[in-house]
Amino acid sequence: MSTHQICQNWILDHTELQPEDERILNEHLIECTECSTLRRNVAQSVLFLQNAEVKKPAAGFTERWKLMKAQREAEKQQLFKIRVIFGLVGALGILSMAFCFLFFLPSNFSHNMLKLSQLASSAVISFGKLKMLLNAFKLPLLGISLVFFTLLLIYAFALLMSALSSRQDRLRKENVLYEEE
Amino acid sequence: MIEISRETIEIAQSGDEEAYAEIVEAFQVPVYNLCYRMLFNEGEAEEAAQETFWKAWSNFQAYDSNRSFSTWILSIAAHYCIDQKRKKRVPEIEIDETMEEIIPEKTPLPEHEMIRSEEDARLKKLLHELNELDRAALILRYWQDMSDREIAESLNLSESAVKSRLFRARRQMAELWGKGV
């Protein structure tokens, strides 16, 4: 590596040099305008950076932070509620569908159980009759579960909307607060 | 560099909001300054600083008390700003437009304000061209007086990577300074 390159690296490293290295650099700077310009530009730009004003936030930063924190935590809780509701809705939906399949589809578990029970004891109430009885209520039961499912979905949607609108309110208030300051 | 007592940090870490508010009060200026110098927009810097404190509060359990708190919080701020720049690609205002906006013709600013605005615009021109990580390294070095090791910790880089980033950033700044920026 040439002295010129070594000196350039020293300048751009911007660290304190050993006396011997400092001497070599100073000697090189006398004869090399490129390096002396580089050294001046580095020193001046770094000094400019160091002396630049430290930017401060508008007054009331901590209060705005407290406000933001309270709103974020409220949003977090609301989101948790929404997740719980969606989970419940999903679980209930799956359960109600499983219930319908179990009782109303032919050649299913209940059907087999019915045959087994008929063989086991004639005294036991016939599952066939029970099946017929439940079959008579198939549509109302299905309807009830669908209505229940829809109502829960509407509730979850309303909660989601309220969470979004409260977030928008918060942002609006923050903007107003910021503009006032 | 600001340091806050270990006791206050431990109290805040256990969930005490008032202790955390003390931390916010103490670190608002370095965090905001870093965000402003990274994003060059007051609104964005305020949002980024608030978000930094929220992230720190939400992940306070992850903070290792053997590390410097300022390094940790500035690391969160730097990463957040870098992500913002990369994700949103914050629309950068043209440098010439900036001067027009800062010094409107109809309402002349007092002389010291004008000088400060000019310096601010010049600083923006200098930092504008730098890569986000180089810019963050430079800010941490010259505004927060961080060592190479601290910068490496903050930006998740190796010390040699920090050295080469600072080297490159100084060269770029010197070139711009030489062109009269």
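In the predicted model, chain A has an average pLDDT of 82, and 78% of its residues score at least 70. Confidence varies along the chain: the lowest mean, 66, belongs to helix 5 (residues 109-120) of chain A, whereas the highest, 92, belongs to helix 3 of chain A. Where pLDDT is low, predicted coordinates should not be read in detail.

Chain A contains seven helices and zero strands. Its pattern along the sequence is accordingly written α-α-α-α-α-α-α. Of the 181 residues in chain A, 27% are buried. The area exposed by chain A is about 12500 Å², of which 67% is supplied by carbon and sulfur atoms. Among contacts in chain A between residues at least 6 apart in sequence, 64% link residues that are at least 24 apart. A separation in sequence can also be set beside a distance in space for A:Lys81 and A:Ala156, which are 75 residues apart in sequence, while their C-alpha atoms are 8.8 Å apart. A:Lys81 lies in helix 4 (residues 61-104) of chain A. With a relative accessible area of 49%, A:Lys81 is partly exposed, because that class extends from 20% to 50%.

The packing of two helices is described by the angle between their axes and by the distance between the axes. Within chain A, helix 2 (residues 19-31) and helix 3 (residues 33-51) pack at an angle of about 115 degrees, and their axes are 6 Å apart. These two helices of chain A are therefore roughly perpendicular to each other. On the side of helix 2 of chain A, the contact is made by A:Glu22, A:Leu25, A:Asn26, A:His28, A:Leu29 and A:Glu31; helix 3 of chain A contributes A:Thr33, A:Cys35, A:Ser36 and A:Arg39. By class, the residues of this contact comprise three nonpolar, four polar and three charged.

Helix 3 of chain A also packs against helix 9 (residues 159-178) of chain B, with the axes coming within 8 Å and crossing at roughly 100 degrees. Helix 3 of chain A and helix 9 of chain B are therefore likewise roughly perpendicular to each other. In this contact, A:Leu38, A:Asn41, A:Val42, A:Gln44, A:Ser45, A:Val46, A:Phe48 and A:Leu49 of helix 3 of chain A meet B:Arg170, B:Met173, B:Ala174, B:Trp177 and B:Gly178 of helix 9 of chain B. The contact between helix 3 of chain A and helix 9 of chain B has eight nonpolar, four polar and one charged residues.

Terms used:
Residues numbered from 1 in each chain as written. Chains lettered and ligands numbered in written order. Predicted model: local features only at pLDDT ≥ 70, side-chain atom pairs only at ≥ 80, totals over all residues. Heavy atoms only, no water. Axes fitted to C-alpha atoms, helices over the stretch in contact; angles between N-to-C directions. Helix = DSSP H or I, 4+ residues; strand = E, 2+ residues; numbered from the N terminus. Parallel < 35°, antiparallel > 145°, perpendicular 65-115°, else oblique. Contact = heavy atoms within 4.5 Å. Nonpolar A, V, L, I, M, F, W, Y, C, P; charged D, E, K, R; others polar. Buried < 20%, exposed > 50% of the residue type's maximum accessible area, 1.4 Å probe, protein only. Areas by Shrake-Rupley, 256 points an atom, 1.4 Å probe, with all protein chains shown as cover. pLDDT = per-residue confidence, 0-100.
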